[in-house]
Structures are given as structure tokens and as C-alpha cells.
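Please find below a short note for a colleague who is beginning to read protein models. The points are best followed with the structure in view.

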Amino acid sequence: DQPLAARLDDSANEQNIDALVARVEARLRAYPEEGEGWGAIAPVYLRAGRYSDAAEAYARAIRLLGPSPKLLSGQGQALVLANNGLVTKDAREILEDALKRDETLLEPRILIAIAKEQDGQFKDAVEDWRALLATAKEDEPWRAMAEKRMQAAEAHLAGAPLAAESQPQAAPGQESAKGPTSADIAAAQSMDRAERQ
């Protein structure tokens, strides 16, 4: 009798999640205009690392239900993760739209600060990191990542990059570490829904 979103988020159903996802996918194939179904399955795809599927599900939910801060934030995150941490122009616009609708959302604020770093806007990125850290609790799981990124941006502005061991490392085969590191992504995956919001 629980709504679909509640059942998908219920940790007691963890062992049945694959079966439940398969049932939701089958229903969405039969009823592709059911916006609530797309909105419910999108965050499940995101948590499962199915980033392209999540981005598509969020896009369908937004088209059918209309844009909301939560759906836009999820779509922006999924697009960034699907692009290996690169905040594309489309993702940034979606994240900015989410923030216009709800400026308290954490994920868009973090990803927009990273986008500013990627665009070479280090001064603006430092301001964003400071604003985020000013409201962060000491035990926030993302706090250490934000502090390191702020220090790296400050060092870049001062013309003295941090030592290699303190900078985010690129994965083998990548030229540089852009966007969240694999540790950042892992930390985000371990957060529950309330912490992410």
C-alpha cells in the first residue's frame, strides 16, 4: 500500500530492489507518460550508478510533471556523473535553475562551485566554497572535500599550486582530476536521502 517512491527508498526492501525496479521499468514501458514513475525511479538509478538512465528518467519526469527543485537537482547531478565529473553547460544551467527555485539545495551549490573551477573562475569558486563551509557542520561528509578544493583554488589564485599529494589525483588514463573525485562520489553515495538534501 506504500507509494512507489516510499517503497523504493525503504531500506527494508533492499533485497527486493532489483525486482521492484524491474517491475517499475515494465510499468513505464507500458505507461511511458506516468511522470510519478519516472520521478521515483530516477534517484534509484542515480544511487545504482546508472547515471545516463537517471538523467533520462529525470528529464522525462520534468517533462511530464513540470520542473521542481528536486527533479532539476537530480537531473543536474546525473548529467555531471554521466560525464565523469565534468559540469557541462547544460548541467550547469539545470543546476542553476534548481538553485533559483530553492537556494538551500546542497548538491547544486557544490557542483556549481566545481563548474566555476573548471571554467577557471577560481575567485568565484572560492567565494562559493566559503559560503558553503560557513553553514556546514563539523561532521558534514563533504566538508573535507570542500576545504581541499577551496585551498586548491586559493593556491591557484596566488600562483602557488598545492603540492601534488594534496591535490585530487586523476584516475589512471585521465589527464587531470576534473569535478568530484571518486572519493567524493563514494562519499555522496553513502549519504542517506536527508543528508543529500
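**Notes on two buried residues and one helix pair**

1. Glu 117 has a relative accessibility of 13% and therefore counts as buried, since the limit for that class is under 20%. The reader should bear in mind that the model is predicted.

2. Glu 117 belongs to helix α7, which covers residues 106-118. Apart from neighbours within four places in sequence, Glu 117 is in contact with Phe 122, Ala 125, Trp 129 and Arg 149.

3. Tyr 58 is likewise buried, its relative accessible area being 6%. This residue sits in helix α4, formed by residues 51-65.

4. Which residues does Tyr 58 touch, not counting those up to four places away in sequence? They are Ala 42, Pro 43, Leu 46, Lys 70, Leu 71, Gly 74, Gln 75 and Ala 78. In addition, Tyr 58 and Gly 39 are 19 residues apart in sequence, while their C-alpha atoms are 6.2 Å apart in space.

5. Helix α5 (residues 69-82) packs with helix α6 (residues 89-101) at an angle of about 155 degrees, and their axes are 8 Å apart. Because angles over 145 degrees count as roughly antiparallel, α5 and α6 are described in that way. The crossing of α5 with α6 is left-handed.

6. On the α5 side, this contact is made by Pro 69, Leu 72, Ser 73, Gln 75, Gly 76, Gln 77, Leu 79 and Val 80. On the α6 side, Ala 91, Ile 94, Leu 95, Asp 97, Ala 98 and Arg 101 take part. The residues of the contact comprise eight nonpolar, four polar and two charged.

Methods
Residues numbered from 1 in each chain as written. Predicted model: local features only at pLDDT ≥ 70, side-chain atom pairs only at ≥ 80, totals over all residues. Heavy atoms only, no water. Helix = DSSP H or I, 4+ residues; strand = E, 2+ residues; numbered from the N terminus. Buried < 20%, exposed > 50% of the residue type's maximum accessible area, 1.4 Å probe, protein only. Contact = heavy atoms within 4.5 Å. Axes fitted to C-alpha atoms, helices over the stretch in contact; angles between N-to-C directions. Parallel < 35°, antiparallel > 145°, perpendicular 65-115°, else oblique. Left-handed = near helix turned anticlockwise from the far one by under 90°. Nonpolar A, V, L, I, M, F, W, Y, C, P; charged D, E, K, R; others polar.
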